[in-house]
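Work through the exercises below with the sequence and the 3D structure side by side. Try each task before reading its solution.

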Amino acid sequence: MRLRQSAALTVAAVTAVLGLPGLATADQAGTLIVDNDPAAHCSDTGSGTPAQPFCTISAAAKVVEPGQTVRVLSSGAGQYFDDEVHLTRSGTPDRPITFLGGTLGADNSGQPLLRSSTGAGNGSFVLSNVHDVVIKGFQYYSLRNAITIADSSRITVDGNWFDWTTGTADIRLSGASDHITVSRNKFLNSPGVAIDPGVHDTLVTANDFDRTRTAAITAKDAPGTAVTNNTIAFSCMESVLIDGASPGALVENNVITADYPAITQYDTTKCGAGRRGEAEISISADSTAGSKADYNTVHPWPDAAAYRWAGTPYPTAAAFTTATGQGAHDTDLDIAFDENLNWPFHRLSDQDAAAIDSADPTAPGVPTDLSGSKPLDHPSVANPGLRDRGAYERSGLRYAELNFQGTQGTFPVGPTPLTIKFTARAQDDWGTPLTGYTFDFGDGTAPVVSTSPTVEHTYAQPGQFTIGVTVTNALGASATIHRGGVHANPPGDMTADFTSRVLGDGTCALAVSASSPWEIASVTADFGDRTGRQGGSTFQDIYHHYEFPGTYPVTVTVTDTAGHTVTKSRQVQVDFDADHRALLPGERVQVIARSSGPLLSTGANYTAGVWAGFSPVDTSFGAQVPLDRVTAVATATTSDEYLRTFLLADGKIYNGDRNLGVPRFESMPTGARGRWEGWKDLSDASGPGPLTGVTQLAAASIGKQTHLVALAGGRVYEASGSHDSGTWSKWGDITAAVGLPGGVTSIAAGTTGNSLHVATLGADRHVRVADGNYDRGTWSGGDVTAAYGGPTGITQVAGASTPGSRFHVVVLAGGSVYETTGDYAAGYWTGWGNISAASGLSGFSEVAAASTGNSLRLFGVSGGHLYNANGDYTRGQWSKWLDVTAPGAAGTPAKPITGVAAGGIG
């Protein structure tokens, strides 16, 4: 289809430009720069030049003259906290004052962001009794009443972005204001535009209103209001409300859709029936004189009217036209905006043919659409007009792209003067040639218009800059993109340094600082423990976990993209707190203690002579364990230094493992030694399976394999599992295999070589031992009490093994602790020894046993306290009982101790 331009459209465009101030740009001599980037060294008492820009918009507003442009840069953070910039100076019709941010393109990243310093700012620009002023290219976020204009003339608000603003209007016009143009702005989740009584001859054109919380455009007692070529999507109340006495209104060429269930379903209360307007276009009775509504596409809410004219609602365009003669070219077009592709812009698609090339060319407006495109004739739409309805002109030009090069790094970073090559790209689906490229380098210099997609620019002043490019094709369509990342730095030498802090678990955190005019290319750290170099950055700490305390030489090397290198070294002292020293290599025991409060963990490193403090057992990962209903606990340690803990709660058995060995995850902020892993419910198919009536647990390990023993219904069962594979055997009945009598009341377990030993206490108070020899695959057993006698009144058994194939059976009788040893290498049992008598303490309610090296470690609960006594079989002596819950050991827990389990290693 041949491109055509109607005479009527030409006249309308010229009339609009003559009647309202154009977006004139002053020459560079007439430009004042505002840039609050720290690198710019701004001053509000300065000259406003690129070498010394103003820090605030308010400072520039106080000195700007007619014909000058206040260019506000979005370099650095790009945020300005100027509460209420009051404009008191005016331009002239041919020399307006312009406040210029950045171009509104595919996003708003090239626009300076105006915010409130107090969080309750009431407006960014306040205009009163001024004329011939342009406000263009800013974004406003979470402001109340972002722009207010009172008693002013020939004001243009163009190309701005209003996002989640509050108050009663984003733009409010009041007083005796006239000839105000609100054009090509994006309104997102905002209160829209309000035109108050007394204002006349306002033009609201080519804006995109998205989910306004009030009527998108409201005019009351405001004659001569023109609302043209806007896209109004999903507004809660009216899309256009002409109220009071506002004769001579013109509502044309708008695309309005109020119902889009795929979107509104996510916020049904916001636009509930009680908050919807009576009609999408509403013109009051006192406003109909000389007013016109036509060439709109209107899709109302299902329960609302499309129009309300002089108080009468009309559900459709046909009904509206039949009754009033208005809307002869209107249509109901349900536009399914592709928000995944274009969000938050509401562009037409080729399926919206009724809105393409069908606008009234005589309606007043601005020369281009919201994206800067001129009116285009769609090659495949046979409509007679030229301009599309709504804020966007349909074209084949896709979003532009911008690439840059000129330094060795990922981003253009280097010392001033910094020269960068920029290349723009775009694709045109209609095959229209690309003819022009306008580059805005973001540093306050004049934009460069080029016919080549590649240009070079030299940054003379330091700063962080966002670059924008507008690509234009031969039909006048345009697409704009912004890209940040240019860092022009003052010339200077590269510097680097680091600080360190060491946590109690042996984790060292390095904070590396570096400065260079060039981009930092790499940061590496050698922690001096022969683990090699570790990469990092200057943006976050570099963590490393030391296995042992000591003094280590730490070296940090930093390199920039120009090849400069700085190396810093210093000695770092690594110390461990008591909790983590207890986990270091040596003879260690881990203790799990029950209390009326949380399940507690502590431990001793007998080699280092230190106890860890009590801490809650970490059950935050994996299966949810009902800790308040735990009735039995068992632990065992494996040869690869895992503490395997088993809990009985609500008839189910849970397993959680704690890493006591070498840290395995160097990238973790703290080392892996001492970490609990996820808990598992062993009652399901991945474990031994369910077992009914379990009352007690015991555990012992052979290498990496752990044997779990359970007492259920007076019988003893066993299953084995590996931490490495995570697999378990099913339950086997030891009672049946050995021929033990039923009615077992207490169990304990230990291992020697490749044999599992299970001590049991029968209903007859006899201690029996079942021995599972995994080399032979056989079970055997014997009655220790019958053969060797022993104390009377036994209530509990415990057990542990020491080197030399010795299995120690520990019993509790009358509150005292007794022990006998089965020496399987020698083939005999020793007599019973009274440990309470030897160690000087009795009155225990529960006892547990573990071993380290050639020592037997006993733990007893008495009066809410936890005690420890140690039998050194190399020296042949027992220690006195130590109160573990006293200061100087593990310390006093919040709740009294009621039960204990222990596992030893080393």
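**Exercise 1. Compare the radius of gyration of the protein chain with that of a compact globule, then describe the chain as a whole.**

Step 1. For 906 residues a compact globule would have a radius of gyration near 29 Å, whereas the protein chain has 41 Å; this radius is taken over C-alpha atoms, and the globule rule is 2.2 Å times the number of residues to the power 0.38. Before going on, keep in mind that this is a predicted model, in which local features need pLDDT of at least 70 and side-chain atom pairs count only at pLDDT 80 or more, while totals for chains, interfaces and linings use all residues. Residues are numbered from 1 along each chain as its sequence is written, and side-chain values use heavy atoms, with hydrogens and water left out.

Step 2. Taken along the principal axes, the box filled by the C-alpha atoms of the protein chain is roughly 120 × 70 × 50 Å.

Step 3. The protein chain has nine helices and 71 strands, where helices (H or I, at least four residues) and strands (E, at least two) are DSSP runs numbered from the N terminus.

Step 4. Of the 906 residues, 56% count as buried, a word that stands for under 20% relative accessible area, with exposed meaning over 50% and partly exposed in between (1.4 Å probe, protein chains only). The accessible surface comes to about 34500 Å², and carbon and sulfur atoms hold 52% of that surface; the areas come from the Shrake-Rupley method with a 1.4 Å probe, and for residues only the protein chains shown count as cover.

Step 5. Among contacts (heavy atoms within 4.5 Å) between residues at least 6 apart in sequence, 58% join residues at least 24 apart.

**Exercise 2. Find which residues the disulfide joins, and work out its handedness.**

Step 1. The structure holds one disulfide, that is, a pair of cysteine sulfur atoms within 2.5 Å. A disulfide is a covalent bond between the sulfur atoms of two cysteines.

Step 2. The two partners are Cys42 and Cys55, with an S to S distance of 2.1 Å. The pair links distant parts of the chain, 13 residues apart, although both Cys42 and Cys55 are placed in the loop between strand E1 (31–34) and helix H2 (57–61).

Step 3. The torsion about the S-S bond of Cys42 and Cys55 is about 105°, and therefore the disulfide is right-handed.

Step 4. Cys42 has 24% relative accessibility and so counts as partly exposed, while Cys508, with a relative accessible area of 0%, is buried.

**Exercise 3. Examine the backbone at His179, Asp357 and Pro417, and place each residue in the chain.**

Step 1. His179 is not a glycine, yet its phi is positive, at about 55°. His179 belongs to strand E14 (residues 178–183) and, at 30% relative accessibility, counts as partly exposed.

Step 2. Asp357 also has a positive phi of about 55° without being a glycine. Its place is the loop between helix H5 (339–342) and strand E30 (401–405), and at 0% relative accessibility Asp357 counts as buried.

Step 3. The peptide bond from Thr416 to Pro417 is cis, with omega near -5°; Pro417 is found in the loop between strand E31 (413–415) and strand E32 (418–425).

**Exercise 4. For Lys895, Asn773 and Tyr818, determine which residues each one touches, leaving aside residues up to four places away in sequence.**

Step 1. Lys895 sits in the loop between strand E70 (882–883) and strand E71 (897–905), and a relative accessible area of 40% makes Lys895 partly exposed. Its contacts are Ser595, Ser596 and Gly597; the C-alpha atoms of Lys895 and Ser595 are separated by 6.0 Å, although the two residues are 300 residues apart along the chain.

Step 2. Asn773, in strand E59 (residues 767–773), touches Asn754, Ser755 and Thr778. Between the C-alpha atoms of Asn773 and Asn754, which are 19 residues apart along the chain, the separation is 6.4 Å.

Step 3. Tyr818 lies in strand E63 (residues 816–823) and is buried, with a relative accessible area of 19%. Among the residues that Tyr818 touches are Pro791, Val809, Trp832 and Ile835. The C-alpha atoms of Tyr818 and Gly244, 574 residues apart along the chain, are separated by 100 Å.
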